[in-house]
Amino acid sequence: MNARRFLFIISLLFSMATYSNKVTEGAGVPWELATLRKQTIHNLEYKLSFTIPRVRTENVAGKVWMRFTLSEKTPLIVDFREEADKVRSLLLNGKPVPYRVSNEHIIIDQKNISKGTNELNITFIAGNQSLNRNDEFLYTLLVPDRARTLFPCFDQPNLKARFTLELQLPASWSAVSNSGVTKETKAGERKTLLFATTEPLSTYLFAFAVGEFKQAKATRKGRTIAAYYRETDEKKVAQLDTVFSQIFDALEWQEAFTGIAYPFSKYDFVVLPGFQFGGMEHTGATFYNDRRIFLNEHATPDEELERTQLITHETSHMWFGDLVTMNWFDDVWTKEVFANYFASAMSEPVFPKVNHRLNNLKTFTAASLSEDRTLGTTSIQQPLDNLSNAGLIYGNIIYDKAPVMMQKLVEIMGWEAFRSGIRQYLTTYAYGNATWDDLINILDSKTDADLASFSKVWVKQKGMPDISLTTSEKGFTVRQTDPWKRGLVWPQRFAVKVVGEKDTLIHVDLTTTECEIPLGFAAGKLLPNYDGRGYGRFLLDKPTADYLLNHWAEEKDDLARQSYLMTLYENRLCFRMNNSDFVRSLLTGLKHETNDLVASSIVSYLWNSVLELRGDERGVAETNLFDLSNEHPLTSCRIQLKRMLRDVAESPKVVGELYAIWDAASDQLLSERDYTSLAYNLCLKMPEKYETISAKQHARISNPDRLREFDFIIPSLTPDSLKRDSLFQSLSKAENRRIEPWTQTVLAFLNHRSHETGSVKYIRPGLELLKEVQRTGDIFFPRGWANALLGSHRSAEAYQAVKTFFAEHPDYPQLLKNKILQAAYPLYRANGEWIEPQE
């Protein structure tokens, strides 16, 4: 053994011994522990068995067998986030050994460990947090670090393993997991299913769902896909043909692009009521939210596009995230950026008549701006010290700003070079793990461009530039500034439309803080980001803002019209134009808008802006919007306007019209869900009719899952403030927050603007509970909780409640603080605190 090897081993053993003591003082999966385990644990396998009772309140018993090779003799630290008494027995290499359960870990002393192959057998009671148990079904959801809440394991993405699963369950129930069933045996009212061993997977991708499900299958070119669902509406179930077709198309697209055949044994999917996410990319068992898959009869183009992009997003993950997985969750965005970026490209042949650049602008860019403009914005790649905080990494920045960045990167290096780099990346790290730096090094080798420097700004730094244009005698100047005052420069390209002696389109390549553009003539108005390729706040001077307000709707190019709207909206948020003028301009333009996607954006911008109108001006705007909701030539626009009005309407006339529609169910374009949502809002607007409305809407709902949802939500709309207070208090118990989308709806209604004076008192306890919400909830729940708690508040009292909370918690975790600041943007803005432009 050479000296360097000897010193490395001594250092490693010392570090592990030190850490095994330190781990008892903390919880989670710290980076140091994960790193040391990655260095010493190899050839990992799991065999898991779960006994699932029919009764939801009974325990799920489990067994886990782990086999692995230890390259060094070290303490063994296994993750299990349950109480010590949930561990029923433990054998190491066939013999009982002493162990202790401390701070979410099962710890076996180094003296009982053998270098080389080890086998660990543990019987346990499974944790319920990630089992998502309902009376007739349950499903696991283990991302990002929730496997350890279900069974003892090494819960980190870079310790991939092969899984073999056995399930014992009621004989009438179905089951689906990552691999296919290889054996089924029945005994009375119970059955046992054995599933095939999987390909190497990270723990967060292990999954199963069991329960009362219906099943449908489809086959194309020898590949069969099974769907599991609970929907009872036959018209919705018929949509599975479309879903199957789009999944087949997506698989074939990625196989052609990557040059790699689908890398897992099967592709099935499960459509779940109340599922926390839009979808989750478990290999062989993708889970989807039922609302995102089974659309209303009169689905809008936005909704159809969103479903397709959800399907292509999750399918892309099979290669990007599942085949090649990030090394640590600080790079979780590397799987999401490709899933969203390719989802956009894969949707184009499905909707050939849609302007997909426009759709990317109104989805990726708009969503990214909504978070990047807040005081809680983050970089795309964020530091992460412990996997217990990994869920807080997720948000619009990694899902939406990352694809914006990727579009710019591909623009720099070219499509074919990009594709070559991606193929090399996938083949190099197949069934393994990689970092962003691993990828950028490969891509950098395919181009002369300096992608590493590009990445340092776009990926590793937070925020966006403020971009302004000023005219000169024979041209104009483009300037970008960093509102966070770090002097950063975001290299990017975009077009400017020059309106003056002659209308001219100028393409700007902005690589410095200031760029002079010669024209040879005096420019009139400068309309920035004509092609939507730019990213940031494009700040307008007053003459240009006035011109755009009066003329944006005259622009014939749909993409440019969308981009102008987004620029106007950002300037409205920056108080650079009057909100009343903005609303009037959009109302005028909406009357003549012919593009469904642009009309959808106009409605969403009006939604937020009409809420800021007061008095007669508000009533006139609501009346105009209601008239448009009946008369607009675009069906999708009429539907979206009705949905907007159910929320914003306050004038007695429009509220009365909405009640008449709901009472008679007279608008054939509205679905059962639309009428249910309308009923919720009418309970707020007409509290004297709460009992009548809730009883009548309850009687209209036949699907048992949707009826459970209605019964969960409707108490939040009671006019009785004491009952609302009691309901809010009940949310402090984790069992009452089990179904997170429903819980968020309840919390939002409890904090509705119609109750703002009486609900300010919820803010402080709601914020105090946020750490517990993070600990017991899934990845999107902390932001969803904060949005529901703060999203409707605008008062000085509410603002002060948030400020006081931060003042009294100076060391509050930054990642969690960011979620509050993101959600509080409208509240902070209303009280004069926001990121002011730097010009």
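Helix H14 (residues 542–551) lies across strands E24 and E27, and it runs at about 70° to E27. Keep in mind that this is a predicted model. The two strands under that helix belong to an open sheet of three, in the order E25-E24-E27, with antiparallel pairing. Which strands stand at the edges? They are E25 (504–510) and E27 (525–527); each has a single partner strand, so one side of each is left without a neighbour in the sheet. On average, neighbouring strands here are turned by 30° against each other, direction ignored.

Let's zoom in on one pairing. E24 (residues 492–499) and E27 are joined in the antiparallel sense by three bridges, and Val-499 stands opposite Lys-525 in E27. Follow the chain past E27 and you get to Asn-529, in the loop between E27 and strand E28 (537–539). Asn-529 has a phi near 55°, a positive value in a residue other than glycine. Most residues other than glycine have a negative phi, and most peptide bonds are trans. Is Asn-529 buried or exposed? Its relative accessibility is 4%, so Asn-529 counts as buried.

**More strands**

Another open sheet of three strands has the order E9-E14-E11, again with antiparallel pairing. Its edge strands are E9 and E11 (174–177), each pairing on one side only. The twist in this sheet averages 5° from one strand to the next. Four bridges connect E11 with strand E14 (residues 208–211) in the antiparallel sense, and Ser-177 stands opposite Phe-208 in E14.

Strand E1 (residues 41–51) pairs with two strands. With E2 (residues 61–70) it is antiparallel, over nine bridges; with E10 (residues 162–170) it runs parallel, joined by seven bridges. Strands of a sheet pair through backbone hydrogen bonds, either parallel or antiparallel. Thr-51 is a handy residue to look up here: it stands opposite Ala-61 in E2, and its bridge partner in E10 is Gln-168.

**Around Ser-130 and Pro-144**

Ser-130 lies in the loop between strand E8 (116–125) and strand E9 (137–139). With 2% relative accessibility, Ser-130 counts as buried. Which residues does Ser-130 touch, not counting those up to four places away in sequence? They are Tyr-139, Thr-140, Leu-141, Leu-142, Arg-146 and Thr-149.

On the other side of E9, Pro-144 has its place in the loop between E9 and helix H3 (147–150). The peptide bond from Val-143 to Pro-144 is cis, with omega near -5°.

**Rings**

The structure holds 59 aromatic pairs. A pair of aromatic rings is described by the distance of the centres and the angle of the planes. Here are two of the pairs:

| Pair | Type | Centre to centre | Angle between planes |
|---|---|---|---|
| Tyr-262 and Trp-319 | edge-to-face | 6.0 Å | 65° |
| Phe-320 and Phe-338 | tilted | 4.9 Å | 35° |

Both pairs link distant parts of the chain. Tyr-262 sits in the loop between helix H5 (240–258) and strand E17 (269–272), while Trp-319 sits in the loop between helix H7 (301–316) and strand E20 (324–326), 57 residues apart. Phe-320 is in the loop between H7 and E20, and Phe-338 is in helix H8 (residues 333–347), 18 residues apart. Tyr-262 and Trp-319 are both buried, and so are Phe-320 and Phe-338. Phe-320 and Phe-338 are also part of a cluster linked by ring pairs, which includes Trp-253, Tyr-341, Trp-415 and Tyr-429.

Rings can have charges over them, too. The charged end of Lys-47 sits over the ring of Trp-65, 4.9 Å from its centre. Likewise, the charged end of Lys-817 sits over the ring of Phe-806, 5.0 Å from its centre.

**Helix H21 and the loop before it**

What should the 14 residues of helix H21 (residues 672–685) span, at 1.5 Å a residue? The expected span is 20 Å, and the end C-alpha atoms are 20 Å apart, which agrees. H21 is mostly covered, with eleven of its 14 residues buried. Among them are Arg-673, Asp-674, Tyr-680 and Cys-683.

In the loop between helix H20 (652–664) and H21 you'll find Ala-665. Ala-665 has a positive phi of about 50° although it is not a glycine. With a relative accessible area of 31%, Ala-665 is partly exposed.

Notes:
Residues numbered from 1 in each chain as written. Predicted model: local features only at pLDDT ≥ 70, side-chain atom pairs only at ≥ 80, totals over all residues. Heavy atoms only, no water. Phe/Tyr/Trp six-rings, centres within 6.5 Å; stacked < 30°, edge-to-face > 60°. Buried < 20%, exposed > 50% of the residue type's maximum accessible area, 1.4 Å probe, protein only. Lys NZ or Arg CZ within 6 Å of the ring centre and 35° of its normal. Pairing = 2+ DSSP bridges. Axes fitted to C-alpha atoms, helices over the stretch in contact; angles between N-to-C directions. Contact = heavy atoms within 4.5 Å. Expected span 1.5 Å × (residues − 1).
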